[in-house]
Amino acid sequence: MLTHANLASNARLTVDTLIEVGPDDVIMGCLPLFHVFGLTCGLNSAVLAGSCLTLIPRFDGAKALEVIGRDRVTVFEGVPTMYAGMLHAPERADADLSTLRACISGGSAMPVEIMKAFEDEFGCIVMEGYGLSETSPVASFNRPDRERKPGTIGTPVDGMEMRLVDDDGKDVAEGEVGEIAIRGTGVMKGYWDRPEATAEAIPDGWFRSGDLATRDGDGYYTIVDRKKELIIRGGYNVYPREIEEALYEHEAVAEVAVIGMKHAELGEEVGAAVALKPDASAEADELKAFVKERVAAYKYPRHVWIVDALPKGPTGKILRREVEPPEGIGA
């Protein structure tokens with residue numbers, strides 16, 4: 001349950017301090033308006049600022065590039081797979097993105113390699129933020145008036161506080177991994193007709209996000225992974241995002257999802273589903289060896305398989321929980 005105050009305050013801080021939009025701006029909305037990212041940062045912010053909001057009904061990289069040029073878009077908002085879609089579109093060479101002054105990424109962690117490649121190709125800085133439906137959504141952001149740290153989700157936005165806690169709700173030491181806990185103007189009233197779930201999510205006034213992260217000395221947070229998607233291989237923690245980042249460094253890789261696979265002796269084994277860039281080629285063993293050189297021996301995926309596409313939700317976010325290995329792999 002999000003209150004009017006939740007939504008209004010989050011839209012206001014988005015307009016005033018994050019993307020700093022006004023009547024002369026054109027915001028591109030590639031996100032569904034039923035999703036809180038599209039609702040708050042797209043629709044509500046555009047209405048509040050008097051900006052133009054241009055929409056496409058279903059995301060397509062080539063179409064997005066066309067509309068950015070056609071409507072002279074100044075602010076693009078999307079999830080990481082959308083940036084990858086535009087970056088890998090054959091039409092990118094002829095695209096005119098000269099009017100873009102701000103690109104906002106959220107919904108899931110942006111692979112650093114995708115961010116760097118997009119910025120090099122189109123000359124527009126990508127600012128990554130973080131939030132959830134339960135926080136209206138923006139909780140932290142790489143703000144335009146402060147140092148940007150690629151790979152991080154920035155610092156807490158005005159009116160919101162964040163901390164990292166262990167399973168007992170106690171603060172973890174700087175540099176250690178902990179669960180993000182959030183308190184402030186954007187945090188939900190609760191889950192509709194689910195008082196027990198609400199009490200579990202907000203046991204002490206701080207909302208437990210389910211996301212694991214670290215915080216540096218400057219207060220910048222870096223997402224490690226979802227708590228529920230942590231892979232425990234032979235007693236060692238393996239964070240899927242770290243392995244995905246390594247795979248994204250391979251020149252043939254377009255998208256990747258790393259999952260835990262049941263293993264009789266180790267408990268879980270690391271598996272990776274990989275979609276390749278158009279006209280690119282790579283063998284599973286080649287990708288496995290590529291990652292093995294970049295991470296600890298217990299972390300690299302013992303199982304890698306090539307897919308045409310990865311399962312995605314309505315916003316374009318890759319859904320790890322729906323990734324299944326082909327028959328015979330890992331059995």
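Which residues of helix 1 are buried? In this predicted model, they are N6, N10, A11, L13, T14, V15 and L18. That helix makes a good starting point, and from there this briefing moves on to an antiparallel sheet of 4 strands, a cis peptide bond between S136 and P137, and a few residues whose backbone angles deserve a look.

**Helix 1 and its surroundings**

- Helix 1 covers residues 4-18, which makes 15 residues.
- From the first C-alpha to the last, helix 1 reaches 20 Å, close to the 21 Å expected at 1.5 Å a residue.
- The packing partners of the buried residues in helix 1 are helix 2 (36-49), strand 5 and strand 6.
- After helix 1 comes E20, and its phi is positive, near 50°.

**The loop between strand 5 and strand 6**

- Strand 5 (126-131) and strand 6 (138-141) are joined by a loop that holds P137, and S136 sits in the loop between these strands too.
- The peptide bond leading from S136 to P137 is cis, and its omega is near 5°.
- S136 also has a positive phi, about 80°, although this residue is not a glycine.
- Is S136 buried or exposed? Its relative accessibility is 0%, so S136 counts as buried.
- Strand 5 and strand 6 are also where buried residues of helix 1 pack, along with helix 2, so to speak of this loop is to stay with elements already met above.

**R72, another positive phi**

- R72 lies in the loop between helix 3 (61-71) and strand 3 (75-78).
- Phi of R72 is positive, near 55°, and R72 is a residue other than glycine.
- With a relative accessible area of 40%, R72 is partly exposed, whereas S136 is buried.

**The open sheet 8-9-10-11**

- Here 4 strands form an open sheet, in the order 8-9-10-11, with antiparallel pairing.
- At the edges are strand 8 (160-165) and strand 11 (221-226), and each of them pairs on one side only.
- Neighbouring strands in this sheet are turned against each other by 45° on average, with direction ignored.
- Strands of a sheet are held in pairs through backbone hydrogen bonds, in either a parallel or an antiparallel sense.
- Strand 10 (residues 207-215) pairs with strand 11 over 5 bridges, in the antiparallel sense.
- To find this pairing in the viewer, look for T214, which stands opposite T222 in strand 11.

Definitions and conventions
Residues are numbered from 1 along each chain as its sequence is written. This is a predicted model: local features need pLDDT of at least 70, side-chain atom pairs count only at pLDDT 80 or more; totals for chains, interfaces and linings use all residues. Side-chain values use heavy atoms; hydrogens and water are left out. Helices (H or I, at least four residues) and strands (E, at least two) are DSSP runs, numbered from the N terminus. Buried means under 20% relative accessible area, exposed over 50%, partly exposed in between (1.4 Å probe, protein chains only). The expected span of a helix is 1.5 Å times one less than its number of residues. Contact means heavy atoms within 4.5 Å. Two strands pair if DSSP finds at least two bridges between them. Axes are lines fitted to C-alpha atoms, for helices over the stretch in contact, and angles run from 0 to 180 degrees between N-to-C directions.
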